[in-house]
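Reader: I would like a close look at one part of this model, namely its open and enclosed spaces. Please then go on to the helix and the loop residues, taking your time over each.

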Amino acid sequence: PFALQAGNALLGNRCDAAALEYALVGPTLRAGRELLVVPMGAAQARLDGVLVPGERPLRLVPGQLLQLGTMRQGARGWLCVAGGIEVPAVLGSRSTDLGAGFGGFDGRALRAGDVLPIGAPDPAVAALLQELSRQQRVGA
């Protein structure tokens with residue numbers, strides 16, 4: 001719970017915002033739009049093949065590939081996203097119960113091609129992303 005809350009805090013999310021939790025080996029994800037994310041846990045993270053530090057915000061632009069590799073210690077990692085992953089709460093949780101087939105993303109494990117619904121980021125985070133985009137366009 002601490003890693004999830006810390007990742008959400010770094011992004012201006014509510015402490016209970018939904019994130020992507022994974023075990024032992026993380027997923028490979030492609031950004032469909034500009035995002036600010038924080039990989040939490042001890043997985044090796046790569047952005048377009050380049051090793052990036054974890055547990056700090058990363059800006060992703062559309063098309064970029066984020067690979068959350070093998071855990072170096074422990075068993076679980078989390079990917080927090082500015083705005084949180086927009087899934088309905090079931091019985092007070094946004095987690096998926098695979099055995100019961102409910103919660104999370106349609107009550108099932110994620111599959112290749114799934115598109116995760118992302119909520120609106122905190123206004124300050126949205127303004128930061130806009131400014132970063134503007135600076136990139138003008139070459140600052």
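Author: What follows starts with the pockets, then turns to the cavity, a helix and several loop residues.

The model is a predicted one, and the values below are computed from it. Its largest pocket has a volume of about 1300 Å³. This pocket is lined by 44 residues, and those closest to its centre are Ala19, Leu20, Ile85, Leu110 and Leu116. Strands contribute to the wall as well, since β1 (20-23), β2 (28-30), β3 (35-40) and β8 (76-81) each supply at least two residues of the lining. Sorted by class, the lining of the largest pocket is made up of 28 nonpolar, 8 polar and 8 charged residues.

The second largest pocket has a volume of about 170 Å³. Its lining consists of 14 residues, with Arg14, Ala17, Gly83, Gly84 and Glu86 lying nearest the centre. By class, the lining of this second largest pocket divides into 5 nonpolar, 4 polar and 5 charged residues.

Turning to enclosed space, the structure holds 1 cavity of 30 Å³ or more, and the volume of the largest cavity is about 30 Å³. The residues that line the largest cavity are Tyr22, Pro39, Met40, Gly41, Ala43 and Gly54, a set with 4 nonpolar members, 2 polar ones and no charged residue.

One of the cavity-lining residues, Ala43, also appears in the surroundings of Arg72, a residue found in the loop between β7 (65-71) and β8. Leaving out residues up to four places away in sequence, Arg72 touches Ala42, Ala43 and Gln44. Even with these contacts, Arg72 has a relative accessibility of 56%, and because exposed means over 50%, Arg72 counts as exposed. The C-alpha atom of Arg72 is separated by 31 Å from that of Leu132, a residue 60 places from Arg72 along the chain.

The strands β3 and β8, which each supply at least two residues to the lining of the largest pocket, also take part in the packing of helix α1. In α1 (residues 2-10), the residues Ala3, Gly7 and Asn8 are buried. Viewed down the helix axis, the buried residues of α1 fall within an arc of 130°, so they line one face of the helix. The cover over these buried residues includes β3 and β8, whereas Phe2 and Ala9, on the other side of α1, are exposed. Just after the helix, Gly12 adopts a positive phi of about 75°.

Positive phi values also occur in residues other than glycine. Glu55, which lies in the loop between β5 (50-52) and β6 (58-60), has a positive phi of about 60° although Glu55 is not a glycine. With a relative accessibility of 45%, Glu55 counts as partly exposed. Asp106 likewise is not a glycine, and its phi is positive and near 60°. Asp106 is placed in the loop between β10 and α2, and at 62% relative accessibility Asp106 counts as exposed.

The loop between β10 (102-103) and α2 (123-138) is also the place of Arg108. Beyond its neighbours within four places in sequence, Arg108 is in contact with Thr96, Leu98 and Asp114. With one of these, Asp114, the contact involves the side chains, which are joined by a polar contact of 2.9 Å.

Conventions
Residues numbered from 1 in each chain as written. Predicted model: local features only at pLDDT ≥ 70, side-chain atom pairs only at ≥ 80, totals over all residues. Heavy atoms only, no water. Helix = DSSP H or I, 4+ residues; strand = E, 2+ residues; numbered from the N terminus. Polar contact = N/O pair within 3.5 Å; in protein donor to acceptor, adjacent residues only side chain to side chain. Contact = heavy atoms within 4.5 Å. 1 Å grid on protein atoms, 1.4 Å probe; cavity = no way out; pocket = protein on both sides within 12 Å on 5 of 7 lines; lining within 4 Å. Points joined across faces, edges and corners; volume = space filled by probe spheres on them. Nonpolar A, V, L, I, M, F, W, Y, C, P; charged D, E, K, R; others polar. Buried < 20%, exposed > 50% of the residue type's maximum accessible area, 1.4 Å probe, protein only. Arc of directions from axis to C-beta.
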